[in-house]
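User: I'm new to this one and keep tripping over the terms. Can you walk me through how they get applied?

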Amino acid sequence: MTLFDKFSKLAQDRAALIQDKQKSPFGTRIDQIYSPTEGRVGDRRVVLAGTNNYLGLTFDPDCIAAARHALEEEGTGTTGSRMANGTYGSHWALEAELAEFFGRRSAMVFSTGYLANLGTIGTLAGPEDIVLLDADCHASIYDACRMGGSQVIRFRHNDAADMEKRLRRLGDRARDTLIVVEGIYSMLGDQAPLADIVDVKRRLGGFLMVDEAHSVGVLGEHGRGLAEAAGVEADVDMIVGTFSKSLGAIGGFAVSQHPELDLLRYASRPYIFTASSSPSSIASVRAALKVMQARPELRQRLWDNAGRLYSGLAALGYSLGPQLGPVVAVTLGSPQEGVAFWNALIEHGVYVNLVLPPASPGGQALVRVSVSAAHSFEQIDRIVEAFDRMRPLVASGEPASAQLVEGAASAG
Ligand code: PMP
């Protein structure tokens, strides 16, 4: 077997899932973007319900103007790492603004959220250290542990009692364990039981990191995430997050009250050995942070939309994730059914994310329907209507087949 042979099995598995006329959900091409909520996939104009554009800020006039200004004033890219020539005044200013927003001593800006996890967890926790994490944590958290070579202990998803059991087993070492959870989990859209987790940490010790990638701008009175919403910010040692969701650009960050965060800059390879975010991204994030604070009604709108979608899909009898949130997960059947369902939704004018096992829990395909503050109620209703049209076929247990896609196409 040569180096490249191992990919042929992967290619075969993928090809077996996709029938003749179907589009592939793996690496979908969105051919045109019209707005935060509308685009074109092939010949279909679709409502975009598979983005992480929670506040709809990708087309915000202030963000676009700030990015355009930076592009003209500072050029297209920094061409260097934060450590060398890639720290501009604006990177520095954004760090100060993030620290202020989160009420923390310092902030570090990374080139992506993925790198923020690698650059913090992977640097803090080495082979002598233990990371206790929720089993459903994002791949970047697992990769960070692998990079640092730390000892990983997983606890059952959202189960604070299981977390306590595992922390207790560590005895004295519990006090120096890094506990990692997420604000909102991207697969099912549910939130960590943060108050319970903090309670365990207060009793047994440890350092707590919360990845608020999906919850910044979404949860908390000021949009600071789950730690704010749960009233436990003082117990959270570090928050990591991304600019690629509510803030509508690309990049990542970490904030902390620990003075050592600043020293991480000298040791963090994912901070040192990659180019920094371009000035236009940084400028639009700075503007987005301001818009997010100035317009809390966006968050309210997001939740109104989420509630409308969740109750609409629940009323149709779909099996949904356990908690209301901006990501509504709909469990389907086999991977083949998932692919057919996803295709049919496109034909009905709705784009969502398809997740297949093993990434989806329980061995079943699921679609993640993501809501934005920029969706109109009419668009939310169109999404629900599209799910309604496919319901009889799914509910009857009939496999969602190519026939379903053709039926949808003629109805569309
Ligand atoms: N953490 C979590 C929980 C995420 O869901 C994601 C992105 N899906 C990331 C980190 C990585 O963020 P980015 O896209 O900025 O690399």
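Analyst: Sure, angles first: under 35 degrees counts as roughly parallel, over 145 as roughly antiparallel, 65 to 115 as roughly perpendicular, and the rest as oblique. This is a predicted model, where local features need pLDDT of at least 70 and side-chain atom pairs need 80 or more, while totals for chains, interfaces and linings use all residues. Residues are numbered from 1 along each chain, and side-chain values use heavy atoms, without hydrogens or water.

User: Why are H3 and H11 called roughly parallel to each other?

Analyst: Helix H3 (residues 89-102) and helix H11 (residues 279-294) pack at about 25°. The cut-off is under 35 degrees, so H3 and H11 are roughly parallel.

User: What makes H4 oblique to H5?

Analyst: Helix H4 (residues 113-124) and helix H5 (residues 139-148) pack at an angle of about 40°, with their axes 8 Å apart. That angle falls in none of the named ranges, so H4 is oblique to H5.

User: Which residues of H4 make the contact?

Analyst: Tyr 114, Asn 117, Leu 118, Ile 121 and Gly 122 of H4 do; contact means heavy atoms within 4.5 Å.

User: What makes the ligand's approach to Lys 245 a polar contact?

Analyst: A polar contact is a pair of N or O atoms within 3.5 Å; within protein, one must be able to donate a hydrogen and the other to accept it, and residues adjacent in sequence count only if both atoms are side-chain atoms. A ligand nitrogen is 3.0 Å from an N or O atom in the side chain of Lys 245, so the pair qualifies.

Conventions
Axes are lines fitted to C-alpha atoms, for helices over the stretch in contact, and angles run from 0 to 180 degrees between N-to-C directions. Helices (H or I, at least four residues) and strands (E, at least two) are DSSP runs, numbered from the N terminus.
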